[in-house]
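Me: I'm a first-year student, and I'd like a close look at a single part of this structure. Could you take me slowly through one strand and then show me what lies around it?

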Amino acid sequence: MMPVSDSKAWRCTICGYIHRGPEPPDGCPVCGAPSEAFELDVAESQPVATTSPRRWRCLNCSYVHNGPEAPDVCPICGSPADCFESIGETVSDTAGAGAVEKVVIIGAGVAGVAAAEAARNASQDTHVTLLSKERSLPYYRLNLTRYLAGDLTQEDLPIQPESWYSERGIDLHRGVEICEFDTETKQVRARSDQSFAFDRLVLTVGAHPFTPAFTGAYREGVTTLRTVEDADQILDMGVSGMRCVCIGGGLLGLETAAALARRGADVMLLEGHGWLLPRQLNATAGGLLTGVVRQAGIELRNGARTKEIVGDERVRGVQLEDETVLPADLVVIATGVRSNSYLARMVGLEVNRGIVVDNLLRTSHPDIFAAGDVAEHRGIVYGT
Ligand SMILES: Cc1cc2nc3c(=O)[nH]c(=O)nc-3n(C[C@H](O)[C@H](O)[C@H](O)COP(=O)(O)OP(=O)(O)OC[C@H]3O[C@@H](n4cnc5c(N)ncnc54)[C@H](O)[C@@H]3O)c2cc1C
């Protein structure tokens, strides 16, 4: 026979909150009404099967706990057991497997790894799958310029060793590119045709470099810097003694130019505006920065607008709108990034410049979340 819980259900007559236990609570955790405001709810007091888990939501932080009883303390925010409300029907034994939520995270940059860790911390029962298009272990992208400069080795890059994922039961799949997902069947499909079922999906697919439509941008030796593969490709060219042109005097362009100069390249940095970091600095501060950049051995051209990247199969130079041609063996384009919103667009999620999310990072679909460079919160795409 199925064991039952003998707990009673008490309804707050002010706000409707249901408390389960032999006695009403001292006070309502939702509206603050005193104990006397609770009455026994006969319908809700039906015996509750306890062979299968119930779901409990923390009223304070929305953490969901699976189990016959609410936890003593919320592992996320520390709220006590009476701050949990029951949100799920009991699940029959045959449906028990479905009670374990499957969280699938697409994209294993810093946002994806943080999401996987948070999902695991929120529930030990949840099956957490982290899918990465890149083959390398997840790494902090911001370290790529230090790697390019030679300050870090490839071994220094991973955020965590491989064992960290297996020890936490985070199912990390590398080299898996997701090409679509279905919000009805709740399946994610990879280009390799593998598929992954989800109850909750987290999109942490980041951003890609934006390359203006320069003629000749396809030539060998023209690149961007977003992945460790990009950095390796640049390093494989030799760099030392090469003539490198970096297009874009924003933060990434500056850091890339400095890294290449540290490797012994002959670097020219092109900024289309009148001074460096025009979005962050005024002209005076930009002028001060120019001095620092030149001291680092980088040649700088302000007000330099690229017209064309010239050469044959390989790049030979950069032609400016004033027709000057700057010789180049390597051109790195650092002209901003754009959110990878295509997967979300394909299924009709609300997308503006990024995937639109609310304060809980929930997209326009209740079971799909987005975070990091791909997300747009209150009109701001932080990564761009
Ligand atoms: C060289 C460099 C230096 C930077 N320096 C700084 C800095 O100093 N300070 C700072 O705040 N920020 C810096 N940034 C920006 C920072 O790295 C990003 O804001 C951050 O990486 C965003 O993290 P994310 O997890 O949202 O996205 P990403 O790091 O872009 O990760 C997204 C991951 O999803 C994967 N992916 C995409 N599509 C799919 C798919 N269909 N299937 C499977 N996987 C997919 C991508 O391959 C990628 O691995 C720098 C960036 C670069 C490139």
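Reply: Happy to! A residue is called buried if 20 or more other C-beta atoms lie within 10 Å of its own, and exposed if 12 or fewer do. Try that rule on I368: this residue has 22 other C-beta atoms within 10 Å, so I368 is buried. I368 belongs to strand β27, which covers residues 368–370. Keep in mind throughout that this is a predicted model.

Now for the part I would pick for a close look, strand β9. The strand covers residues 102–106, and 4 of its 5 residues are buried, so β9 is largely enclosed by the rest of the structure.

What encloses a strand can include other strands, so let us look at the partners of β9. One of them is strand β10, residues 127–132, which pairs with β9 in the parallel sense over 5 bridges. If you want to find this pairing on the screen, look for I106, which stands opposite L131 in β10. Another partner is strand β15, residues 200–203; here too the pairing with β9 is parallel, over 4 bridges. In that pairing, I105 stands opposite V202 of β15. A general point helps when you look at neighbours along a strand: in a regular strand the side chains alternate between the two faces of the sheet.

How does the chain get from β9 to β10? Helix α2, residues 110–122, joins them in a right-handed β-α-β unit made of β9, α2 and β10.

That unit leads us to the ligand. Its shell has 29 residues, and the closest are G107, G109, R141, G206 and G372. Helix α2 gives the largest share of this shell, 3 residues. At least two residues each come from α2, β10 and α3 (144–149). By type, the shell divides into 13 nonpolar, 10 polar and 6 charged residues. Two domains take part, with at least three shell residues from each of domain 2 (100–207 + 338–377) and domain 3 (222–335).

Those two domains come up again in the largest nonpolar core. This core has 42 residues, and the members that touch the most others are C244, V245, C246, A257, V267, L269 and V331. Several elements give two or more residues to the core, among them α3, β18 (243–247), β19 (266–271) and β24 (330–333). Helix α6 gives the most, with 7 residues. Domain 2 and domain 3 each supply at least three residues of this core. As a general background, nonpolar side chains in soluble globular proteins tend to be buried together.

For contrast with the parallel pairings of β9, here are two antiparallel ones. Strand β21 (residues 306–311) and strand β22 (residues 315–320) run antiparallel and are joined by 5 bridges. V310 stands opposite G317 in β22, and the two strands form a hairpin with 3 residues between them. Strand β12 (residues 178–182) also pairs in the antiparallel sense, over 4 bridges, with strand β13 (residues 187–190). Within this pair, F181 stands opposite V188 in β13.

The hairpin of β12 and β13 has 4 residues between the strands, and K186 there takes a positive phi near 55 degrees. Most residues other than glycine have a negative phi, which is a good reason to pause here. K186 has 17 C-beta neighbours inside 10 Å, so K186 counts as partly exposed. L361 also has a positive phi, near 65 degrees, and is a residue other than glycine. You will find L361 in the loop between β26 (355–357) and β27. With 19 other C-beta atoms within 10 Å, L361 is partly exposed.

Let us finish with the opposite end of the burial rule and with some distances. Y218 sits in the loop between β16 (207–209) and β17 (222–223). Y218 has 11 C-beta neighbours inside 10 Å, so Y218 counts as exposed. From Y218 to L59 it is 159 residues along the sequence and 54 Å in space, C-alpha to C-alpha. As for I368, where we began, its C-alpha is 43 Å from that of A285, with the two residues 83 apart in sequence.

How values were computed. Residues numbered from 1 in each chain as written. Predicted model: local features only at pLDDT ≥ 70, side-chain atom pairs only at ≥ 80, totals over all residues. Pairing = 2+ DSSP bridges. Right-handed = clockwise from strand over helix to strand, strands pointing away. Near = placed C-beta within 6 Å. Nonpolar A, V, L, I, M, F, W, Y, C, P; charged D, E, K, R; others polar. Domains from an automatic or database assignment. Core = buried A, V, L, I, M, F, W, Y, C linked by C-beta atoms within 7 Å.
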